[in-house]
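Open the structure in your viewer and keep the sequence panel visible. The tour goes from one selection to the next.

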Amino acid sequence: MTIMRKYPTQPVVVVGIVMERIDGGILVLAVVTLLLRRPFIGLVASLLLSDPEWRTDRAQLRVAYIATWLWVALVVIRLGVELPLYFLGNTSALAAARLILGVPLYAVILWLTWLVMRTAWTAPERVDDDAEG
């Protein structure tokens with residue numbers, strides 16, 4: 001008897017366990033960076049855009065906090081819905097939840113992150129009136 005016949009959902013369970021650990025890792029990383037006052041999304045944006053001074057700009061720091069909290073909310077929602085279904089053994093509802101809370105939800109959060117971040121990172125430079133005249 002093969003494993004697939006004995007446990008037909010085994011690959012799904014293994015993939016699910018890996019995904020839950022990834023979500024847990026994202027949650028821990030995001031919360032730790034928030035506690036250290038260096039929001040994870042701000043760190044990523046500063047690396048991608050070569051902007052080491054992002055923490056001195058209040059607008060950039062604020063949107064980095066907002067974007068990081070969006071990702072925390074994503075993971076909390078996923079874990080809050082999927083873990084109870086997993087432990088209850090409700091595979092049908094778990095499959096539906098994974099479909100809905102998977103790529104579509106990630107896409108929405110990624111889009112919201114981009115919308116929030118672009119406002120502060122593409123804002124025109126503030127010019128000091130005293131320096132001009």
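What follows is a walk through a salt-bridge network, a pocket and a surface patch.

This is a predicted model, in which local features need pLDDT of at least 70, side-chain atom pairs count only at pLDDT 80 or more, and totals for chains, interfaces and linings use all residues. Residues are numbered from 1 along each chain as its sequence is written, and side-chain values use heavy atoms, with hydrogens and water left out.

**Stop 1: the salt bridges**

Side chains of opposite charge can pair when their charged atoms come close. Here a salt bridge is a side-chain nitrogen of Lys or Arg within 4 Å of a carboxyl oxygen of Asp or Glu. The whole structure has three of them.

Select aspartate 23 and arginine 78: they form a salt bridge, with the closest N and O atoms 2.6 Å apart. Aspartate 23 is in helix α2 and arginine 78 in helix α4, so this pair ties together parts 55 residues apart in sequence. Helices are DSSP runs (H or I, at least four residues), numbered from the N terminus.

Are these two residues buried or exposed? Aspartate 23 is buried at 0% relative accessibility, and arginine 78 is buried at 3%. Buried means under 20% relative accessible area, exposed over 50%, and partly exposed in between (1.4 Å probe, protein chains only).

Next add glutamate 82, which also forms a salt bridge with arginine 78, at 3.6 Å between the closest N and O atoms. Both lie in helix α4, four residues apart, about one turn of the helix.

Now add arginine 98. Its salt bridge with glutamate 82 has closest N and O atoms 3.5 Å apart. Arginine 98 is in helix α5 (residues 91-101) and glutamate 82 in helix α4, so the pair ties together parts 16 residues apart in sequence. Through shared partners, Asp23, Arg78, Glu82 and Arg98 join into one network.

**Stop 2: helix α6**

Select leucine 115, in helix α6 (residues 103-121). Leucine 115 is partly exposed, with a relative accessible area of 23%. Add valine 63: the two are 52 residues apart in sequence and 9.9 Å apart in space, C-alpha to C-alpha.

**Stop 3: helix α3 and the nonpolar patch**

Select Leu29, Phe40, Val44, Leu48 and Leu49, which make a nonpolar surface patch of about 450 Å². Patches are made of residues with over 30% relative accessible area and no salt bridge: like charges are joined within 9 Å, nonpolar side chains (Val, Leu, Ile, Met, Phe, Trp, Tyr) within 5 Å. Helix α3 (residues 40-49) gives the most to this patch, with four residues.

Terms used: Accessible areas come from the Shrake-Rupley method with a 1.4 Å probe; for residues, only the protein chains shown count as cover. Helices (H or I, at least four residues) and strands (E, at least two) are DSSP runs, numbered from the N terminus.
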